[in-house]
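Hi everyone, thanks for coming. I'll put the structure up and walk you through a few spots in it.

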Amino acid sequence: MSKWQTIRPALYAAVLLAFNLAAAAAAQTATVELDAREAPRHVLHAHLVVPARPGPLTLVYPKWIPGEHGPTGPLNGVVGLHFKSQGQELEWRRDPLEMFAFHLDVPAGATAVEADLDFVPPVGEGGFSAGPSVTQELAVISWNQVVLYPQGRPSDQLTYQASLRLPAGWSYATALPVTEGSGDGVRFGPVSLTTLVDSPILAGSHLAKVALPTGEGPAHEIDIAADSAAALELPAGFAEAYARLPEEAGALFGARHYRHYQWLLSLSDHVEHFGLEHHESSDDRTWEKTLGGEGRRRGLASLLSHEYVHSWNGKYRRPAGLATPDYQPPMVGELLWVYEGLTQHLGLLLAARSGLWTPEYYRERVALIAARLDNTPGRAWRPLGDTAVAAQILYPSPTEWRAWRRGTDFYDESVLVWLEADATIRRQTQGSRSLDDFCRRFHGGQSGPPAVHPYTLDEVVNTLNEVAPFDWRGFFRDRIDKVEPRAPLGGIEADGWRLVYNDTPNQGVKDQEEQNDRHDWTFSLGLTTDKDGKIVDVIPGLPAAQAGLSPGMKLMAVNGRNWTPEAVQAALRASKTAPEPIEIAAQDGESVRTYRLDYHGGERYPHLERDPGRPDVLTEVLKPLAVGR
Ligand SMILES: [Zn+2]
């Protein structure tokens, strides 16, 4: 027997084993064929094959979507649901208590269940992935919209192979690995259900892939789909400017937990506007004409920066209560002031450090955040921590009476809290350490593919203590858990600045007015209206609310003149010297009444002003970290 001959049986056995393992793996792999050729008609068709054994089976539709922090799976968009096995239609029954669960009986001899479903994205209102997501020219497809999976199975342990067909002439971008693509069809590599749901598709007839010149290391790309070719016109130096964002993030965290990173940016006035984070990509949606407008570009910088920071803070490091094994168990939002709040802080910080925002603009935005929160009477009853716990009901809460109800304040208020944490570390260590050191310890580690490391408040406190020993538990208890009528301004003040008001317009207010089609007189009259003069909100305790105006009323006249934003501005300017109150006629239903606003402060906007008695630490905080900058 030759040496070769002795090896042969072993080799044969190995080949056989490999074949059996591959066959077993294939048998365990679910497939989802997504036909998006009718996306412009607002219909997606999905065909799934899910491995199954004979007997009772419950398939579930993803309910709690990572990053959305609520039971927001767009269940109402699922129509035309049919199940089959061995060519026979199966009866299904929705669970009477859990609307997202479908009960089936799998017949003897079957190894799989087939499901056909259509997904009809809404055309009107809706939050996150339950919002409008397709137009004639583009589609953002979140796989959670079109998948079912066996109840109780961890999403890491389920393998899905997806394929996609698009309208003729459309192209696509995604972080999913591609196995093969031809014509209008593409097949993606088998991945865990976790990775599939984490990897949305951006597709459209006008799609540009902008590679960022970041040099060595993982590739970074901004993929942009728009409702028009004109909207894709990039401002000069766009790629070079955005390349500084990954450079600054790398310098801050010291490691990257992705193999490549893609911003999937959709520019349309007809999709829901938000950002949703993923490990290796983000779903970023904003107005069609964003790239052409300076204010909207500043908004874009903070959106892309925020969602990108989530790759570290939110995806790689995640509060244990938000790191659920699959999409059915409820998530616990109590640490969202870290998950979203620290991300909000670092997102603004990196926008400034990478030069996408000027330091002046950063200060305008922080002044606006501080002033808004300092004029939020809801703080008198609701601690910040409760806005995190109640996130799932606050995201979809109405805009009216927001200042009294409070909204998802764990984003913006945490900017102030983390600025103060940074100032505290710098003070405790005589300037030798900062929050950057916390980020390197907490979010850094070894670079590599996506992974999730859950944490608790204890680990946040312990890591801060390693950086700078301090009563961090007490620090957060005072700022997160306690009712506190005034906003936490200690960080701004320790950094050598203070919140002031004057009649110079705040650039952040102007940008937000433009973006949201609103008129904002929050800091003078305590009043915000839409572009037609309908009151969006009033601030309890400030002149508009004190005079009896309330959300939903429509302004008709100001000081005897027809309502226009200019008439309000004129009345504000005159208020400084006029002894009489400002008279506003407003319509509420069928009634029109006149309201007298006893206000004499003129135009009033927040800003940060240097405190000459303290060193300017904030300017240091905003300086670029990346080598060579
Ligand atoms: Zn976020």
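Let's begin with Gln569: buried or exposed? Gln569 has a relative accessible area of 18%, and the cut-off for buried is under 20%, so Gln569 counts as buried. Keep in mind that this is a predicted model. You'll find Gln569 in helix 18, which runs over residues 565-575. And what does Gln569 touch, if we skip its neighbours within four places in sequence? Trp521, Glu603 and Tyr605. With Glu603 there's a polar contact, side chain to side chain, at 2.5 Å.

Okay, helix 16 now, residues 507-516. Gly508, Val509, Asp511 and Gln515 are buried there. Those residues sit on the same side of helix 16, because they cover an arc of only 160 degrees around the axis. Among the things covering them are helix 4, helix 7 and strand 25. Have a look at the ends, too. At the N-terminal end, Asn506 acts as a cap, with a side-chain oxygen 2.6 Å from the backbone nitrogen of Gly508. Just past helix 16, Asp517 has a positive phi of about 55 degrees.

On to the metal. Which residues hold the zinc ion? His306 and His310 each use NE2, and Glu340 uses OE, at 2.0 to 2.1 Å. Along the chain, the donors have the spacing H-x3-H-x29-E. His310 and Glu340 link distant parts of the chain, 30 residues apart: His310 is in the loop between helix 4 and strand 22, and Glu340 is in the loop between helix 5 and helix 6. His310 is buried, at 0% relative accessibility, and Glu340 is buried as well, at 1%.

Last topic: rings. Searching the whole structure gives 33 aromatic pairs. Take Tyr61 and Phe100: their centres are 6.4 Å apart and their planes are at 25 degrees, so we call that pair stacked. Tyr61 and Phe100 are 39 residues apart in sequence, each in a loop between two strands, so the pair ties those parts together. Trp472 and Phe475, on the other hand, are edge-to-face, with 5.2 Å between centres and 70 degrees between planes. Trp472 and Phe475 are three residues apart in helix 14, which means about one helical turn separates them. Both are buried, and both belong to a cluster linked by ring pairs that also includes Trp418 and Phe442. Phe442 has a charged visitor, too: Arg317 lies over its face, 4.3 Å from the ring centre.

That's my tour, so over to you for questions!

Note on methods. Residues are numbered from 1 along each chain as its sequence is written. This is a predicted model: local features need pLDDT of at least 70, side-chain atom pairs count only at pLDDT 80 or more; totals for chains, interfaces and linings use all residues. Side-chain values use heavy atoms; hydrogens and water are left out. Helices (H or I, at least four residues) and strands (E, at least two) are DSSP runs, numbered from the N terminus. Buried means under 20% relative accessible area, exposed over 50%, partly exposed in between (1.4 Å probe, protein chains only). A polar contact is a pair of N or O atoms within 3.5 Å; within protein, one must be able to donate a hydrogen and the other to accept it, and residues adjacent in sequence count only if both atoms are side-chain atoms. Contact means heavy atoms within 4.5 Å. The arc is that of the directions from the helix axis to the C-beta atoms. Donors are N, O and S atoms within 2.8 Å of the metal (3.2 Å for Na, K and Ca); water is not among the atoms, so sites may look incomplete. Rings of Phe, Tyr and Trp (its six-membered ring) pair if their centres lie within 6.5 Å; planes under 30 degrees apart count as stacked, over 60 as edge-to-face and the rest as tilted. A charge sits over a ring if NZ of Lys or CZ of Arg is within 6 Å of the ring centre and within 35 degrees of the ring normal.
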